[in-house]
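User: I would like to go through this model and ask, for each label that is put on it, what the label rests on. Please set the values against the cut-offs wherever a conclusion depends on them.

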Amino acid sequence: MVLLGTVSCRRIDKLNSISSTAQKPWRLRAGAIAVGFFLLLVWMEVGLWQRHVDDANARMSQLAVSLSQQADDTIELAKLPLASVVAELNDERDDLQIASKVRGAMQRVIAATPRIDSLTVLSADGDVFVSSVDDITPGLNLSNREYFKYHASSVLAEAFVGKPIRSRLTNHLVIPVSQRIDREDGSFGGVVVATISLGHLSDFFRQFDVGRRGSVLLARQDGIVLTRIPFRHDALGMDLSDQPL
């Protein structure tokens, strides 16, 4: 009986061992299937996330192009009256009524173009010769402005986009776009400057949805910030030339 019982136990142990050995491949397969399924889910999630990132980048790129084009168009719009004023000053150089004629033309431009805040002609000394703005402070001199110093030291006839400033004529935040005036002998004769209203430009930029944490920044080629949405006064004129952007 004892021997028989021992044999029976050995048989049972052998059967259990065989059953356990048979279950191991299934456990390995089940584990492999679970890991594979998990990796598939991760791959699908990463792919979905990447598509969202690519779509967002494409939308932001298209938005940047649109905003850049709008900014370019606004600046080009400000350049047009500059050339007209310079041409009229040259044509009517000896006319005693030149100031009133130029001022009338300036006011017509301002009335038709709300984005332009003001048009002004400065003498070679920086004094205001004529402006579209009424009630100018007598003896106002703008020779310390960046754009005036630029044209006084440069013979280039191209327009110059200055740093954002608070206008002493209208007290508005503006971006100045200016052009040099030459005398008949080619020497420096003054500056004609158009100012673009930052308010109008900012209002346009706010129409675009860049998300709750998004922002729009407009800067010159040299990295000087012209405006930012959401608006931050301390960002105006900031130099980003040493930043990765």
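Analyst: Pro 230 is a convenient place to begin, and its place is in the segment after β8 (225-229); please keep in mind throughout that the model is predicted.

User: What makes the peptide bond from Ile 229 to Pro 230 stand out?

Analyst: Its omega is near 0 degrees, and the bond is accordingly given as cis.

User: How many helices and strands does the protein have, and in what order do they come?

Analyst: The protein has 4 helices and 8 strands, and reading along the sequence gives the pattern α-α-β-β-α-β-β-β-β-α-β-β. Of its 245 residues, 33% are buried, and the area it exposes is about 15700 Å², of which carbon and sulfur atoms supply 57%.

User: Why is Ser 131 called buried?

Analyst: The relative accessibility of Ser 131 is 2%, and buried means under 20%, so Ser 131 counts as buried. Ser 131 is placed in strand β2 and, leaving aside neighbours within four places in sequence, is in contact with Arg 103, Met 106, Leu 119, Thr 120, Ile 136 and Leu 169.

User: What makes the approach of the side chains of Ser 131 and Thr 120 a polar contact?

Analyst: The contact that joins these two side chains is 3.0 Å, and a polar contact requires a pair of N or O atoms within 3.5 Å, one able to donate a hydrogen and the other to accept it; the value for Ser 131 and Thr 120 therefore falls inside the limit.

User: How do you know that Arg 103 and Asp 134 meet in a salt bridge?

Analyst: The N to O distance between their side chains is 2.1 Å, while the cut-off for a side-chain nitrogen of Lys or Arg and a carboxyl oxygen of Asp or Glu is 4 Å, so the pair qualifies as a salt bridge. This pair links distant parts of the chain, with Arg 103 in helix α2 (residues 98-112) and Asp 134 in the loop between β2 and α3, 31 residues apart. Arg 103 has a relative accessible area of 27% and Asp 134 one of 48%; partly exposed is the range between under 20% and over 50%, so the term applies to Arg 103 and to Asp 134.

User: Where else are salt bridges found, and how many does the structure hold?

Analyst: The structure holds 6 salt bridges. Among them, Asp 182 and Arg 180 meet at 2.4 Å, N to O, and the closest N and O atoms of Asp 234 and Arg 232 are 3.0 Å apart. Glu 146, Arg 220 and Asp 222 are linked in a network of such bridges. As general background, side chains of opposite charge can pair when their charged atoms come close.

User: Is Arg 180 buried or exposed, and which term fits Asp 182?

Analyst: Arg 180 has 7% relative accessibility, which puts it under the 20% limit, so Arg 180 counts as buried. Asp 182, at 31%, is partly exposed.

User: What is unusual about the phi of Asp 135 and that of Asn 171?

Analyst: Asp 135 has a positive phi of about 55 degrees although it is not a glycine, and Asn 171, which is not a glycine either, has a positive phi of about 65 degrees. Asp 135 lies in the loop between β2 (128-131) and α3 (146-153), and Asn 171 in the loop between β4 (165-166) and β5 (173-182). Exposed means over 50%, so the term holds for Asp 135 at 78% and for Asn 171 at 51%.

User: How do you know where the buried residues of α4 lie around its axis?

Analyst: In helix α4 (residues 198-205) the buried residues are Leu 198, Leu 201, Ser 202 and Phe 205. Viewed down the axis of α4, they fall within an arc of 95 degrees, so they line one face of the helix. An α-helix has 3.6 residues a turn, so residues three or four places apart point the same way.

User: Why is Ser 197 said to cap α4?

Analyst: A side-chain oxygen of Ser 197 lies 3.3 Å from the backbone nitrogen of Gly 199, at the N-terminal end of α4; polar contacts extend to 3.5 Å, so this distance is within the limit.

Methods:
Residues numbered from 1 in each chain as written. Predicted model: local features only at pLDDT ≥ 70, side-chain atom pairs only at ≥ 80, totals over all residues. Heavy atoms only, no water. Buried < 20%, exposed > 50% of the residue type's maximum accessible area, 1.4 Å probe, protein only. Helix = DSSP H or I, 4+ residues; strand = E, 2+ residues; numbered from the N terminus. Arc of directions from axis to C-beta. Areas by Shrake-Rupley, 256 points an atom, 1.4 Å probe, with all protein chains shown as cover. Contact = heavy atoms within 4.5 Å.
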